[in-house]
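This report describes selected features of a single protein chain. Please inspect the sequence and the coordinates shown below before reading on.

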Amino acid sequence: APSPVTPSEKRGKHETKIRGGGIVSLGSWAIRCMVVYIPLVALFTLAVFLSSLHVIQTEYLSPRIKLMTLDEDRSQTENMYYGRECTADDLSTNDPNDLYVDPNSKPKELFDHQMTHGASIYPNVISDDTAIELRDYILKRNDKLTTADSIGVIENENRWSFGIGVNDDPIVTKALREFAMNEMVRSGLEGVAGRNPAIVELTAISVGHGARDQFWHTDTLASGNALKFGRSFVPTYSFFIPLQDTTAEMGATALLPGSHMCEEMDEQTFKTHGLQVGGTSIWKRGDAAFLNQQIYHRGTAYTDPQGPTRV
């Protein structure tokens, strides 16, 4: 006769079956997770992510991109000025000396001068020592300039240009500090651009003997600047600061005073009325030409075979 099974033996066999079944159940659950649950969670997460991107695109980005796009409809409704074609009679002055501002000028006088001519010459915005040291730094950078770092300019032969970071060298930081702390610069710039205007570009441009005349141009186009669309675009400005005394034969910048209010200029005015900064004298080291970027200007030919590189 078979031996009787005690209750403890029955309990042991039952627990073994449970343990074995538990192993089978755990394996099945792991397989279901890998085959079913994890892919479903991943698909759900991807769907939520893509839906969120769609909402961000349609509700936030697209409307803002549209606000920044001057299309044909907006051009018709936001145009505040006509396409003015100017002649020599529309220029604000024919005397380059009129572009120099009095160092004792009040902020309102600096404002009026810039609004009238679109160009103002501010004396001594950086010191001679700083200009000399900064010029040496830029010339050394020119010697090592690569194609990748170069910025193309009009009539590029014998012209070199590259962007400068504000922390590239201590002399750059020093020059910017002197420029920003100049009281005339602060008053004049904030008068036309508001408080705390931002620097959006810092560029070195060097010119050597043999460089040719650039064609007359503006740095912004009338189809998308404050000339005709004053509610849509803010005016932008440039400061051209020579780092050595510059003569006309060294290719000093030429401009047409008052042309910041013109969409087009007649060709004869370009030929006969362009003024070089400094005139027939010298554009002094550290004297900044403060230009509305709507003004017509150009770099002129460098014709002095004995002159130094203009920076």
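Is D112 buried, partly exposed or exposed, and what is its relative accessibility? The answer for this predicted model is that D112 counts as partly exposed, because its relative accessibility is 31% and the partly exposed class covers values between 20% and 50%.

## Salt bridge within helix α3

The partner of D112 is K108: the two residues form a salt bridge in which the closest N and O atoms are 2.8 Å apart. Both residues belong to helix α3, which spans residues 107-117. They are separated by four residues, about one turn of the helix.

The two ends of this salt bridge fall into separate accessibility classes. K108 counts as exposed because its relative accessibility is 52%, over the 50% limit for that class. D112, at 31%, counts as partly exposed.

## Further salt bridges

The count of salt bridges in the structure comes to eight. Among them is the pair R212 and E155, with 3.0 Å between the closest N and O atoms. This pair links distant parts of the chain, 57 residues apart. R212 is found in the loop between β4 (203-207) and β5 (237-240), while E155 is found in the loop between α4 (128-143) and β3 (159-163). The relative accessibility of E155 is 30%, so E155 counts as partly exposed.

R195 and E190 also meet through their side chains in a salt bridge, with an N to O distance of 3.9 Å. This distance satisfies the criterion because the cut-off is 4 Å. R195 counts as exposed, at 67% relative accessibility. E190 has a relative accessible area of 23% and is therefore partly exposed.

## The disulfide

How many disulfides does the structure hold? There is one, formed by C86 and C262, whose sulfur atoms are 2.0 Å apart. The link of C86 and C262 is left-handed, with -95 degrees about the S-S bond. C86 lies in strand β1 (residues 85-86) and C262 in the loop between β7 (254-255) and β8 (264-265), so the disulfide ties together parts that are 176 residues apart in sequence.

A disulfide is a covalent bond between the sulfur atoms of two cysteines. In this model, both C86 and C262 are buried. Another cysteine, C33, has a relative accessible area of 12% and is therefore buried, since the limit for that class is 20%.

## Environment of D287

D287 is placed in the loop between β10 (282-283) and β11 (288-292). Its relative accessible area is 5%, so D287 is buried. When neighbours within four places in sequence are left aside, D287 is in contact with Y100, I121, Y122, P123, N124, F240, I241 and P242.

Of these residues, N124 has its backbone nitrogen 2.9 Å from a polar atom of the D287 side chain. As for separation across the chain, the C-alpha atoms of D287 and S25 are 85 Å apart, and the two residues are 262 residues apart along the chain.

## Sheet β2-β11-β5

Three strands in the order β2-β11-β5 make up an open sheet with antiparallel pairing. Strands β2 (119-122) and β5 occupy the edges and have a single partner strand each, so one side of each is left without a neighbour in the sheet. From one strand to the next, the twist averages 20 degrees.

Strands β5 and β11 run antiparallel and are joined by four bridges. Within this pairing, Y237 has N292 in β11 as its bridge partner. Helix α3 packs on the sheet and touches β2, β5 and β11. The direction of α3 makes about 135 degrees with that of β2.

## Sheet β9-β7-β12

A further open sheet of three strands follows the order β9-β7-β12, again with antiparallel pairing. Its edge strands are β9 (275-276) and β12 (297-298), each of which pairs on one side only.

How many bridges join β7 to β12? These strands run antiparallel and are joined by two bridges. L255 stands opposite H297 in β12.

Conventions: Residues are numbered from 1 along each chain as its sequence is written. This is a predicted model: local features need pLDDT of at least 70, side-chain atom pairs count only at pLDDT 80 or more; totals for chains, interfaces and linings use all residues. Side-chain values use heavy atoms; hydrogens and water are left out. Buried means under 20% relative accessible area, exposed over 50%, partly exposed in between (1.4 Å probe, protein chains only). A disulfide is a pair of cysteine sulfur atoms within 2.5 Å. Contact means heavy atoms within 4.5 Å. A polar contact is a pair of N or O atoms within 3.5 Å; within protein, one must be able to donate a hydrogen and the other to accept it, and residues adjacent in sequence count only if both atoms are side-chain atoms. Two strands pair if DSSP finds at least two bridges between them. Axes are lines fitted to C-alpha atoms, for helices over the stretch in contact, and angles run from 0 to 180 degrees between N-to-C directions.
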